[in-house]
Amino acid sequence: MREIRKVAVLGAGTMGARIAAHLANAAIPSVLLDIVPKEPSPEEQAKGLTTADPRVRNRFAQAGLDAAVKSKPAAFFVNEAARLVTTGNFDDNFGLVKDCDWIIEAVTEDRGIKQALLKRVEGLRAPGAIVSSNTSGIAIGSIAEGFSEDFRRHWLGTHFFNPPRYMKLLEVIPTPETLPEAVENISRFGEVVLGKGVVLAKDTPNFIANRIGTFVTLNVFRIMQQDGYTLEEIDALTGPAMGLPKSATFRTLDLVGVDVLAHVVENLRQSLPADERRELFEAPAFIREMLQRKLLGDKTKQGFYKKLKAAPGEESEIQALDFATFEYRPRQKPKFASLDMLRNVEDVGQRLAQLVDAKDRAGDFYRRVLSDTFHYAANRIPEIADTIVAVDEAMKWGFNWERGPFELFDAVGVEKIAQQWEKEQRPIPPLVENLLTSGGKSFYRDERGETSYFDPCAGGYRSKPERPGVMILDSLRTQGREVRKNPGASLIDLGDGVLCLEFHSKMNTIGADTVAMIHAGLKALNENFDAMVIGNQASNFSVGANLMLLLVAVQEGEWDDVHSAVRQFQNANMALKYAPKPVVGAPFGLTLGGGTEICLHTARVRAAAETYMGLVEFGVGLIPAGGGTKEMLVRAMDTLPSDPEADPFTYVKDVFETIGLAEVSSSAQEAYRTGYLGPRDSITMNRDRLIADAKQVALDLVKLGYRPGNPREDILVLGQPAFAKMKLGLHLMRRGAFISDYDVVVGTELAKVLSGGGEFTSAQRVSEQYLLDLERESFVRLCGQRKTVERMQFMLKKGKPLRN
């Protein structure tokens, strides 16, 4: 099959433009085409433009690209990547398709329009080029009817979820005629290059995730109306408590659009005449009323919720829709005793297993919703997918469920639910009946770190297929490859002489346990391994230092302990930097404060594409003191050109602003700009592959004969002149009311460190240890300030990690 080097996206609407944006994120150039406008817009006419002008003719494609550049959340990792997208129109630029290896159709949901456009593609596509549709409402096979055999053999569905950058799921839908090689090529490209979780789906209405997800949503509506739950109660029940996103049901629908939901529901109703729950696939009366009133969600600034503008200095108010009056009212806080009691049960399976037995209204809700969800999902095998694994992964990757329906089924108890169905005289789905008849009691089994799943076609269990390039730390742990463990971290043998240092404290905060395991890991590295990776597979790499422990020590006046804790963290990071064997950082998600400082001191960083790095200590009235301030200065001064006319203060100023503004990168790509990543660091698009990729980077360093060098003694600091300039900047910022009086205090301490202590009258060369001592002294001084204590208390009360 052709290697995919260039892609054409036909249709520059919301999905088409954002698919092109994500291709650019992966450094894949694309051609984005759309129709020619019938006439110039009033703005174009005012400029004297006609329909002969390319700016008019390409307006729709360019508008789609411009919207992607401006979109929130951002479609591009960095806006400069938009240069990889070439815009054009179907009349003048269609010939560009012949140079593309993959052509994605993303025009309006009309079979005739799609077929007419694809007929033009058929005459131009290069031999072996793959053609696909992003449709979810039209049968993939029906679109290619009447096309050549070669076209049909290279034709399939590729259903991205919106927004493509953030939604992991890519449903790949082959037809009976699609070449297996074409399916493999797109699946591999989607997983490795685009970072997607690829699921093979059957060519059935709305494929897997939208079919199950829409059923669950409509069933929740039904139960809500029958049992009198409020909007707020439903969102409390269908959010994180159920292992679903915080946006739950109604906030999610505001984001998606009520009109989009109605369209999907209508399409399913027309397409599923034989579905056993077809009565559900109809928009309820309150949805129809919302459509009539244009209460569509975020796009009309009012849907199930409405945000009221607040007066200056006050917090805005979010109100909820009253379904009785269709007026907005203050939100009501729901109360469920069972939810409150089980809130601290972290495992969603264990939590739901107990909630279904609860005697309050929450228990009633979960019993009905989960029973119906399990029943419907079980009846969809093999209609929409061949395996339960495909269904579970589709719901986790496409709807951000923490567990898939069959994983939840196991947690609640298959036999228990089946007995409930028998009491209700409800037919047992063949899949469940086959499982129980074969002697199985769960859909999944885990033995010695290997997972198998029930396959009705095989009449038993099959090993879950391994994904090449994916390492699961929990599986390695189950196989007995955990070398050492304490409450905050573990050491795991990745094989091939590579050790992994894994954090597993709450939110992966860094404390004494973490520091102790860093030293234990380095000892094990020196004695028994060739390289080490620092990574984990939690929700985030690390949100930074454990503020609670620091606050307690400060409030109790344990200043020696504070000094010692900071010094130990500095020493651990320096030990990482100068370890005789390579250490590779593998950050992802939130990588804040101390998490960033650890990565700054590793030999290389292999970051997940969605990594949000930042030294955010300024937000609580502190400066980075685990070597972060020092390392950012070292990196900046090392990039100083040899040109004697170059102003070194410009480089110091950039570090001062990055730390002082607590900048957090919006992607790993942007982390290069902020200096958190260096030119020798690299990015993995698919986070599932991060540990394996970081391991390979470590092995490559070993092969290259890695040598760490010696602690630096030659770091340029600019002394009092730079200190004075930074203080002047703080003064001007304060006069402009951009910062507070206390920000000036913290900024002055930061300026002192970056200038070398503020005492040198001219530029000097100093050691890393000299800067570390300055960091630590400033940090401890700030800990003694009342405002810093108040900021830490506020941050802990909010329960959120520090971010800009």
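The mean positions of the 99 positive and 105 negative charges of the chain lie 2 Å apart; Lys and Arg count as positive and Asp and Glu as negative, while His and the chain ends are not counted. Each charge is placed at NZ of Lys, CZ of Arg, CG of Asp or CD of Glu. The structure is a predicted model, in which local features need pLDDT of at least 70, side-chain atom pairs count only at pLDDT 80 or more, and totals for chains, interfaces and linings use all residues. Residues are numbered from 1 along each chain as its sequence is written, and side-chain values use heavy atoms, with hydrogens and water left out.

**Overall form**

- The chain contains 33 helices and 25 strands, which are DSSP runs numbered from the N terminus (helices: H or I, at least four residues; strands: E, at least two).
- The radius of gyration is 29 Å, which agrees with the value near 28 Å for a compact globule of 804 residues; the radius is taken over C-alpha atoms, and the globule rule is 2.2 Å times the number of residues to the power 0.38.
- Along its principal axes, the C-alpha trace spans about 80 × 70 × 60 Å.
- Of the 804 residues, 55% are buried (buried means under 20% relative accessible area, exposed over 50%, partly exposed in between, with a 1.4 Å probe and protein chains only).
- Among contacts with a separation of 6 or more, 70% join residues 24 or more positions apart; a contact means heavy atoms within 4.5 Å.
- About 35200 Å² of the chain is exposed, and carbon and sulfur atoms supply 50% of this area.

**Salt bridges**

- The structure holds 55 salt bridges, each being a side-chain nitrogen of Lys or Arg within 4 Å of a carboxyl oxygen of Asp or Glu.
- D688 and K168 form one such bridge, with their closest N and O atoms 2.5 Å apart. This pair links distant parts of the chain, 520 residues apart: D688 is in the loop between β23 (682-684) and α29 (690-703), and K168 is in the loop between β6 (155-160) and β7 (169-174).
- Both D688 and K168 belong to a salt-bridge network that also includes E191, R467 and R689.
- E502 and R477 meet in a salt bridge at 2.9 Å, N to O. E502 is in strand β17 (residues 498-503) and R477 in helix α21 (residues 473-478), 25 residues apart. E502 is buried, at 6% relative accessible area, whereas R477 is partly exposed, at 22%.
- D743 and R791 form a salt bridge at 3.1 Å, N to O. D743 lies in helix α31 (residues 741-754) and R791 in helix α33 (residues 786-798), so the bridge ties together parts 48 residues apart in sequence. D743 is buried, with a relative accessible area of 14%.

**Surroundings of K752**

- K752 is in helix α31 and is partly exposed, at 26% relative accessibility.
- Not counting residues up to four places away in sequence, K752 touches F723, G757, G758 and R781.
- K752 and K727 are 25 residues apart in sequence, with their C-alpha atoms 9.2 Å apart in space.

**Backbone features**

- The peptide bond from K72 to P73 is cis, with omega near -5°; P73 lies in the loop between α4 (59-70) and β3 (85-89).
- The bond from N162 to P163 is also cis, with omega near 0°, and P163 is in the loop between β6 and β7.
- F207, a residue other than glycine, has a positive phi near 60°. F207 is in the loop between β8 (197-200) and α9 (209-227) and is buried, at 1% relative accessible area.
- K301 likewise has a positive phi, of about 65°, although it is not a glycine. K301 is in the loop between α13 (285-292) and β9 (305-308) and is exposed, at 71% relative accessibility.

Note on methods. Areas by Shrake-Rupley, 256 points an atom, 1.4 Å probe, with all protein chains shown as cover.
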